[in-house]
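Grab a pencil and work through these exercises with the structure open beside you. Try each task before you read its solution.

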Amino acid sequence: MKCVICKTGDLREGRTNVTVERDGRVVLIKDAPAEICDSCDEYYLDDAVAQRVYELVDGTLARGREFTAVAFPVGAPA
Ligand SMILES: [Zn+2]
């Protein structure tokens with residue numbers, strides 16, 4: 001599958017750090033499974049991973065932090 005951003009890179013399975021900003025607060029999800037472009041480093045999350053990322057973000061923001069880094073759970077669907 002080709003990257004839709006740069007249209008030249010190929011996507012490879014890997015892990016990436018996902019930064020989500022919401023309401024002026026930032027949550028960094030570390031090592032989320034993703035497909036990563038080998039040319040421009042754009043990443044693509046599948047639906048299950050994206051859902052989990054947003055659950056982590058919601059849970060983290062609910063605890064009221066301004067900036068937080070959370071490791072993606074090991075054993076989650078890749
Ligand atoms: Zn690309």
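Some ground rules come first, and then the exercises.

This is a predicted model, in which local features need pLDDT of at least 70, side-chain atom pairs count only at pLDDT 80 or more, and totals for chains, interfaces and linings use all residues. Residues are numbered from 1 along each chain as its sequence is written.

**Exercise 1. The overall layout**

Task: Find how many helices and strands the protein has, and the pattern they follow along the sequence.

Solution:
- Start with the elements, which are DSSP runs numbered from the N terminus: helices are H or I with at least four residues, strands are E with at least two.
- Counting them up gives one helix and four strands.
- Reading along the sequence, you get β-β-β-α-β.
- Now box it in: the C-alpha atoms fill roughly 40 × 30 × 15 Å along the principal axes.
- Finally, look at confidence using pLDDT, the predictor's confidence in each residue, from 0 to 100. The average is 90, and 96% of the residues score at least 70.
- Among the elements, strand 4 has the lowest mean pLDDT (81), while strand 3 (residues 43-44) has the highest (96).

**Exercise 2. The hairpin**

Task: Work out in which sense strand 1 and strand 2 pair, parallel or antiparallel, and over how many bridges.

Solution:
- Two strands pair if DSSP finds at least two bridges between them.
- Strand 1 and strand 2 pair in the antiparallel sense, over eleven bridges.
- To see one spot in this pairing, find arginine 12, which stands opposite isoleucine 36 in strand 2.
- Then go to the turn: the two strands form a hairpin with two residues between them, and aspartate 23 there has a positive phi of about 55°.
- Aspartate 31, in strand 2, also has a positive phi, about 60°, although it is not a glycine.

**Exercise 3. Helix 1 and its two sides**

Task: Check the span of helix 1, then decide which of its residues are buried and which are exposed.

Solution:
- Helix 1 (residues 47-62) has 16 residues and should span 22 Å at 1.5 Å a residue; its end C-alpha atoms are 22 Å apart, so the two agree. The expected span is 1.5 Å times one less than the number of residues.
- For burial, count the other C-beta atoms (placed from the backbone) within 10 Å of a residue's own: 20 or more is buried, 12 or fewer is exposed, and anything in between is partly exposed.
- Val49, Val53, Leu56, Val57 and Thr60 come out buried. Down the helix axis they fall within an arc of 100°, so they line one face; the arc is that of the directions from the axis to the C-beta atoms.
- On the face turned away from the buried side you'll find exposed residues, including Asp47, Gln51, Glu55 and Asp58.
- The buried residues pack against strand 1 (11-22), strand 2 (25-37) and strand 4 (67-71).
- Just after the helix, glycine 64 takes a positive phi of about 85°.

**Exercise 4. The core**

Task: Find which residues have the most contacts inside the largest nonpolar core.

Solution:
- A nonpolar core is a set of buried Ala, Val, Leu, Ile, Met, Phe, Trp, Tyr and Cys residues joined through C-beta atoms within 7 Å.
- The largest one has 13 residues, and Ile29, Ala32 and Val53 have the most contacts inside it.
- Strand 2 and helix 1 are the elements that give two or more residues to this core. Strand 2 gives the most, with six.
- Contacts are pairs whose C-beta atoms, placed from the backbone, lie within 7 Å. Beyond neighbours within four places in sequence, isoleucine 29 touches residues including Val18, Val53, Leu56 and Phe72.

**Exercise 5. Far in sequence, close to home**

Task: Decide whether cysteine 3 is buried or exposed, and where its contacts lie.

Solution:
- Cysteine 3 sits in the segment before strand 1.
- It counts as buried because it has 20 C-beta neighbours inside 10 Å.
- Leaving aside neighbours within four places in sequence, its contacts are Gly9, Leu11, Cys37, Ser39, Cys40 and Glu42.
- Take glutamate 42: it is 39 residues from cysteine 3 in sequence, yet 7.7 Å away, C-alpha to C-alpha.
- For another such pair, alanine 69 in strand 4 has its C-alpha 5.8 Å from that of valine 27, 42 residues apart along the chain.

Methods. Two residues are in contact if their C-beta atoms, placed from the backbone, lie within 7 Å.
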